[in-house]
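This report describes the fold of one protein chain. It proceeds from the overall architecture to the sheets and then to individual residues.

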Amino acid sequence: MIAACPLEALPPGASFRLDGENPIALFRTEDGQIFAIDDTCTHQDASLSDGWLDGCEVECPLHSSRFDLRTGEVDAPPAKRAVRTHRVVVDGGTVFVEPSGCDG
Ligand code: FES
């Protein structure tokens, strides 16, 4: 588990980029759910934490692929491959992420 950010850094509708070897994008939906996915789009080198959150989907800022935050699946091209999802736990006002394995 990695301490990603304080919960208040992630208000509803916001995103947070957790830098690292494989950057992770955290999103808090308008209804308060928190999701973590790979930050780098599977199409080209765009940061999904810079994208637009719409319900439980994020739209890539570069070519508008849409990824489902719950599954990582692509809902709109041009991306074809899903992003990985990562487990999120909120404890004591801190958001923790458990990165998935490389083949997840
Ligand atoms: S870089 Fe994300 S859709 Fe092209």
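The account below treats the whole chain, its two groups of strands, and selected local features.

## Overall architecture

The structure is a predicted model. The secondary structure of the protein chain consists of 0 helices and 10 strands, so that the succession of elements from the N terminus reads β-β-β-β-β-β-β-β-β-β. The C-alpha trace extends over about 40 × 30 × 20 Å along its principal axes. The radius of gyration of the protein chain is 12 Å, which agrees with the value near 13 Å for a compact globule of 104 residues. Of these 104 residues, 40% are buried. Among the contacts with a separation of 6 or more, 35% are made by residues 24 or more positions apart.

According to UniProt, in an unreviewed entry, residues 2–97 carry the feature "domain: Rieske". Over residues 2–97 the chain is 44% strand and 0% helix, and the C-alpha atoms at the two ends are 5 Å apart.

## The six-stranded sheet

An open sheet is formed by 6 strands in the order 1-10-9-4-3-2, with antiparallel pairing. Its edge strands are strand 1 (2–6) and strand 2, each of which pairs on one side only. Neighbouring strands of this sheet are turned against each other by 30 degrees on average, direction ignored.

The pairings for which a bridge count and a residue pair are available are set out below.

| Strand pair | Bridges | Bridge partners |
|---|---|---|
| Strand 1 and strand 10 (residues 94–98) | 4 bridges | P6 and T94 |
| Strand 4 and strand 9 (residues 85–91) | 2 bridges | A36 and H86 |
| Strand 3 (residues 24–28) and strand 4 | 5 bridges | L26 and A36 |
| Strand 2 (residues 15–18) and strand 3 | 4 bridges | L18 and I24 |

Which residues does A36 face across the neighbouring strands? In strand 3 the bridge partner of A36 is L26, and in strand 9 it is H86. A36 thus links to both flanking strands of the sheet order, in which strand 4 stands between strand 9 and strand 3. Strand 4 (residues 34–38) is mostly covered, as 5 of its 5 residues are buried.

Two hairpins belong to this sheet. A hairpin of 5 residues leads from strand 2 to strand 3. The hairpin of strand 3 and strand 4 also has 5 residues between the strands, and within this hairpin G32 adopts a positive phi near 95 degrees.

## The four-stranded sheet

A second group of 4 strands forms an open sheet in the order 5-6-7-8, again with antiparallel pairing. Strand 5 (52–54) and strand 8 stand at the edges; each has a single partner strand, and therefore one side of each is left without a neighbour in the sheet. The average turn between neighbouring strands of this sheet is 30 degrees, direction ignored. Strand 7 and strand 8 are joined by 2 bridges in the antiparallel sense, and F67 stands opposite V74 of strand 8.

## Backbone features in the loops

Most residues other than glycine have a negative phi, and most peptide bonds are trans. Two loop positions depart from these tendencies in this model.

One of them is S64, a residue other than glycine whose phi is positive, near 70 degrees. S64 is located in the loop between strand 6 (57–59) and strand 7 (66–68). Is S64 buried, partly exposed or exposed? Its relative accessibility is 36%, so S64 counts as partly exposed.

The other is the peptide bond from P77 to P78, which is cis with omega near 15 degrees. P78 lies in the loop that connects strand 8 (74–76) with strand 9.

## Cysteines

How many disulfides does a search of the whole structure find? The search returns 0 disulfides. A disulfide is a covalent bond between the sulfur atoms of two cysteines. C41 has a relative accessibility of 6% and therefore counts as buried. C60, at 2% relative accessibility, likewise counts as buried. Both values fall under the 20% limit that defines a buried residue.

Terms used:
Residues numbered from 1 in each chain as written. Predicted model: local features only at pLDDT ≥ 70, side-chain atom pairs only at ≥ 80, totals over all residues. Heavy atoms only, no water. Buried < 20%, exposed > 50% of the residue type's maximum accessible area, 1.4 Å probe, protein only. Pairing = 2+ DSSP bridges. UniProt positions renumbered as here; feature names shortened; annotations may be inferred. Axes fitted to C-alpha atoms, helices over the stretch in contact; angles between N-to-C directions. Disulfide = S-S within 2.5 Å. Rg over C-alpha atoms; globule rule 2.2 N^0.38 Å. Contact = heavy atoms within 4.5 Å.
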